[in-house]
Amino acid sequence: MTSAHLAPVPVTVRVPGKVNLELLVGGLRPDGFHSLSTVFQAVSLHDDVTVVEADDWGCTVTGPLAVGVPESGDNLAVRAARALARVTEIDTAVHITIRKGIPVAGGMAGGSADAAAALVACDRLWELGMAREELEEIGADLGSDVPFLVAGGTAIGSGRGERLAPVLARGTFHWVFALAEGGLSTPTVFAEIDRLRADRDIPEPSPTPELMGALRSGDPTQLALHLRNDLQEAAIALRPGLQEVIDDGLEFGALAGIVSGSGPTVAFLARDHETALDLAVALTASGAVRDVRRAHGPVHGAHVIPGPVD
Ligand SMILES: C[C@@](CO)(OP(=O)(O)O)[C@H](O)COP(=O)(O)OP(=O)(O)OC[C@H]1O[C@@H](n2ccc(N)nc2=O)[C@H](O)[C@@H]1O
Ligand SMILES: Nc1ncnc2c1ncn2[C@@H]1O[C@H](COP(=O)(O)OP(=O)(O)O)[C@@H](O)[C@H]1O
């Protein structure tokens with residue numbers, strides 16, 4: 001066992017949420033996961049995760065979106081920090097404070113984001129100097145989305161989503177996210193898609209060239225034509241009101257509307273910053289959604305910042 005050389009001050013890491021621009025779901029594998037081909041984009045809704053040396057492992061979750069997030073050892077950030085300590089034989093504990101800006105159980109990978117942030121923060125706190133790829137490997141054991149939240153940007157995820165390859169994406173895309181009342185459980189949504197397509201042939205998924213072309217062009221009208229989420233049908237079957245939210249957003253000028261990951265957040269792609277503002281105002285005024293957030297992407301993955309910013 002080694003004793004950590006502790007940095008004297010807390011370390012804060014900012015981590016983004018994600019939207020799946022394409023989420024193609026293949027068959028159920030023997031390990032209980034589905035083979036996936038997805039294109040992730042990191043977006044500027046973020047959590048701030050602060051780690052500080054402590055006598056015991058612990059966690060505090062703050063902010064209006066904190067409801068439903070465990071403050072126990074089940075929190076994915078605590079599990080990630082403990083996993084890193086175990087692998088590197090660090091014999092010390094940390095207290096983790098999470099300020100949630102990513103909707104919980106919303107299909108935007110908030111829990112995975114906090115795990116990614118805890119890995120990057122503890123790497124700095126404990127002065128480990130680990131390579132990003134090493135942190136991604138540890139993160140993959142905690143959740144299929146965790147490696148992407150370490151990496152950020154725009155990337156293809158294959159395997160169960162944890163194997164990453166970079167994607168060339170030009171420009172910045174403007175998003176409006178419609179938050180729902182209550183979350184959806186990821187395993188339930190995958191089980192629902194299996195049920196819905198029990199009689200269908202499921203091809204082995206791979207990224208579509210049209211989407212890659214749209215990302216290279218940087219043109220949101222092109223990207224809008226090629227957004228696709230195989231889980232959307234299941235999310236809508238479980239939450240029929242989501243179709244109405246998508247229809248409302250399209251009526252209010254969105255280029256496209258898609259369920260984010262396993263839902264129930266709906267992601268709208270806007271033409272530009274101004275149209276995104278108008279869309280956010282119209283969706284808020286309609287009263288059809290719990291809350292609305294604007295964001296842009298791609299943005300960086302988990303990275304150290306000077307301190308929590310209010
Ligand atoms: C659907 C996606 C799309 O990016 O994200 P979310 O919408 O949840 O954020 C991911 O595939 C979710 O990734 P993540 O949230 O990390 O899930 P994991 O902890 O790895 O898995 C939770 C459960 O989801 C199901 N699962 C997940 C990934 C996968 N490729 N096949 C699956 O069937 C399994 O039932 C698994 O037990
Ligand atoms: N740090 C965390 N932030 C959010 N949820 C967490 C966290 N740790 C554990 N969880 C649990 O994970 C579940 C899924 O949360 P989240 O990752 O936000 O959703 P999704 O898989 O839809 O992206 C939550 O309902 C919560 O019980």
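Strand β7 (residues 173-179) is mostly covered in this predicted model, with six of its seven residues buried. A residue counts as buried if 20 or more other C-beta atoms lie within 10 Å of its own, as exposed if 12 or fewer do, and as partly exposed in between, with C-beta atoms placed from the backbone. Helices (H or I, at least four residues) and strands (E, at least two) are DSSP runs numbered from the N terminus.

Strand β7 has two antiparallel partners, where pairing requires that DSSP find at least two bridges between the strands. With strand β11 (residues 291-297) it forms seven bridges, and F173 has G297 as its bridge partner there. With strand β10 (residues 266-270) β7 forms five bridges, and W175 stands opposite L269. In a regular strand the side chains alternate between the two faces of the sheet.

The model follows some conventions of numbering and confidence. Residues are numbered from 1 along each chain as its sequence is written, while chains are lettered from A and ligands numbered from 1 in the order in which they are written. Because the model is predicted, local features need pLDDT of at least 70 and side-chain atom pairs count only at pLDDT 80 or more, whereas totals for chains, interfaces and linings use all residues.

An automatic or database domain assignment supplies the domain bounds. The protein is divided into domain 1 (11-167) and domain 2 (173-297), and their C-alpha centres lie 22 Å apart. The contact takes 31 residues from domain 1 and 35 residues from domain 2, two residues being in contact if their C-beta atoms, placed from the backbone, lie within 7 Å. On the domain 1 side, β1 (11-28), β2 and β5 (154-158) each supply at least two residues. That side comprises 18 nonpolar, twelve polar and one charged residue; here Ala, Val, Leu, Ile, Met, Phe, Trp, Tyr, Cys and Pro count as nonpolar, Asp, Glu, Lys and Arg as charged, and the others, Gly among them, as polar.

An unreviewed UniProt entry lists residues 75-153 as "domain: GHMP kinase N-terminal". UniProt positions are given in the numbering used here, feature names are shortened, and annotations may be inferred rather than shown by experiment. The span is 56% helix and 9% strand, and its end C-alpha atoms lie 25 Å apart.

Helix α1 (residues 76-88) has 13 residues, which at 1.5 Å a residue should span 18 Å, and its end C-alpha atoms are 18 Å apart, in agreement. The expected span is 1.5 Å times one less than the number of residues. Its buried residues are L76, A77, V78, A80, A81 and L84. These pack against β2 (34-54), β3 (58-62), β4 (93-99), α2 (110-125) and α3 (132-140). Just after α1, E89 takes a positive phi of about 55°.

The unreviewed UniProt entry also annotates K18 and D145 as "active site". They span 128 residues in sequence, yet no two of their C-alpha atoms are more than 9.1 Å apart, so they gather at one spot. K18 lies in strand β1, and D145 in the loop between α3 and α4 (146-151). Both are buried, as the table shows.

| Residue | C-beta neighbours within 10 Å |
|---|---|
| K18 | 32 C-beta atoms |
| D145 | 28 C-beta atoms |

Leaving aside neighbours within four places in sequence, K18 is in contact with residues including F40, Q41, M108, D145 and F148. On the same basis, D145 is in contact with K18, A109, S112 and G161.
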